[in-house]
Amino acid sequence: MTTTISKGLAGVVADTTAISMVNPETNSLTYRGYPVQELAAGCTFEQVAYLLWHGELPDAGQLRAFTAAERARRTLPRTTQEVLGRLPEGCHPMDVLRTAVSQLGAEDPTEDSADANPGAALDLLARLPTAVALDQRRRHGLPPIPPDPALGFAANFFHMCFGEIPEPEVVRCFEISLILYAEHSFNASTFTARVVTSTLSDLYSAVTAAVGALKGPLHGGANEAVMHMLAEIGDPAAAPAWLARALAGKRKIMGFGHRVYKRGDSRVPTMEAALRDLARLRGADDLMELYDALAAAMAKAKGIAPNLDYPTGPAYHLMGFDIPTFTPIFVMSRITGWAAHIAEQLAANSLIRPLSSYTGPAERHLR
Ligand code: ACO
């Protein structure tokens, strides 16, 4: 029997989805049919979260109710704060977040009821930023700042991290990144969430596993790796030689390439435009010269285009977030896509259990 193996499941269509469509031919991405560029230009993150979860954009009343519910749920339970406070100070914020999701599940008496999933997803949407901000301040020896229910999702996160809210353009740039990060079909972390859900495990378990999948530098961890890499290169003039050495050493260049898009990531132009506006506002010409120099060198050397993590890394840096906060921000957004996929998986479930082709020793016996 001949077996065709698709390493990394590349090119395999595992199921249908009505949540988003990634089209590498037209370089487009739609959420529930809407081009992501239009959503980034004309919607708040809360509107996009509602769209992903309910299939339609909210009307004014629905949006009011949704944002009021999100704002009312932002405070972390005391026990969660205590558990997070006991984690080693040097641990990565993604470990903190993974623990937070798991702990919130253990605290939720409705954890095993799929009917309670919409409320659990809303809890996570509202509370994960509080956990990220609390941990960010703890790493800097600062006391937590409670959430402000008068503020929208994006502005409240700045408030909880820094005690102040930057210029509206900066908040908007952040919100655009959240919208672009929210959903991307069967990426590794979303597929992880669907695999866990397919066993009829609970939403918190699926999200805990998804956080673990997103942490890796080949997925969400790349936005942090981009900033470390730009810091390592330092000078635009050094970019071509640095890249040649890195490629000769078989290094993967972080923030470049994509499993699905082979001619550029549909989200990059929107995020890059937002980054350029932000860089102008912050007078960060040097950083943008380096950013452009590395992208040009990569295009010349390998013909590989940046993915969304390439512009978000420098954008979060210019917004004042420290590097370990970058991937947790991705989680704050992607929880919307994960929860939508968990619901979709449950609605027409089939256990996800692929086959493998055995390559170990032939059958043998103890004696
Ligand atoms: N740096 C160097 N070479 C690369 C890169 C890269 N970033 N991406 C692809 N290539 C090369 C591969 O080495 C391979 O070359 P070869 O044919 O000479 O062996 C060729 O391009 C084809 O690449 P694949 O490995 O087939 O691409 P794959 O689909 O498996 O990988 C991935 C996609 C994992 C994203 C890869 O591009 C990568 O490692 N990128 C860096 C990490 C990153 O930025 N991840 C973020 C993904 S997007 C997101 O999560 C928002």
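The centres of domain 1 and domain 2, taken over C-alpha atoms, are 25 Å apart. Domain 1 covers 20-217 + 320-347, and domain 2 covers 222-318. These bounds come from an automatic or database domain assignment. The model is predicted: local features need pLDDT of at least 70, side-chain atom pairs count only at pLDDT 80 or more, and totals for chains, interfaces and linings use all residues. Residues are numbered from 1 along each chain as its sequence is written.

**Domain contact**

Domain 1 gives 24 residues to the contact and domain 2 gives 25 residues. Two residues are in contact if their C-beta atoms, placed from the backbone, lie within 7 Å. On the side of domain 1 that touches domain 2, the elements giving two or more residues are E2, helix H1 (36-42), helix H8 (168-181) and helix H16 (326-347). Helices (H or I, at least four residues) and strands (E, at least two) are DSSP runs, numbered from the N terminus. H8 supplies the largest share of that side, seven residues. By class, the side of domain 1 that touches domain 2 has 17 nonpolar, five polar and two charged residues. Here Ala, Val, Leu, Ile, Met, Phe, Trp, Tyr, Cys and Pro count as nonpolar, Asp, Glu, Lys and Arg as charged, and the others, Gly among them, as polar.

**The sheet**

Three strands make an open sheet, ordered E1-E2-E3, with antiparallel pairing. Strands E1 (20-23) and E3 (34-35) are the edges, each pairing on one side only. Two strands pair if DSSP finds at least two bridges between them. E1 and strand E2 (residues 28-31) are joined by four bridges and run antiparallel. Two facing positions are listed here.

| Residue in E1 | Opposite residue in E2 |
|---|---|
| Ser20 | Tyr31 |
| Met21 | Thr30 |

The hairpin of E1 and E2 has four residues between the strands, and Asn27 there takes a positive phi near 55 degrees. Side chains alternate along E1: Ser20 and Val22 point to one face and are buried, while Met21 and Asn23 point to the other and are not. A residue is buried if 20 or more other C-beta atoms lie within 10 Å of its own, exposed if 12 or fewer, and partly exposed in between, with C-beta atoms placed from the backbone.

**Pro129**

Pro129 lies in helix H6 (residues 117-139). Pro129 counts as buried because 24 other C-beta atoms lie within 10 Å. Leaving aside neighbours within four places in sequence, Pro129 is in contact with Phe157, Met160 and Met332. Pro129 and Met21 are 108 residues apart in sequence and 27 Å apart in space, C-alpha to C-alpha.
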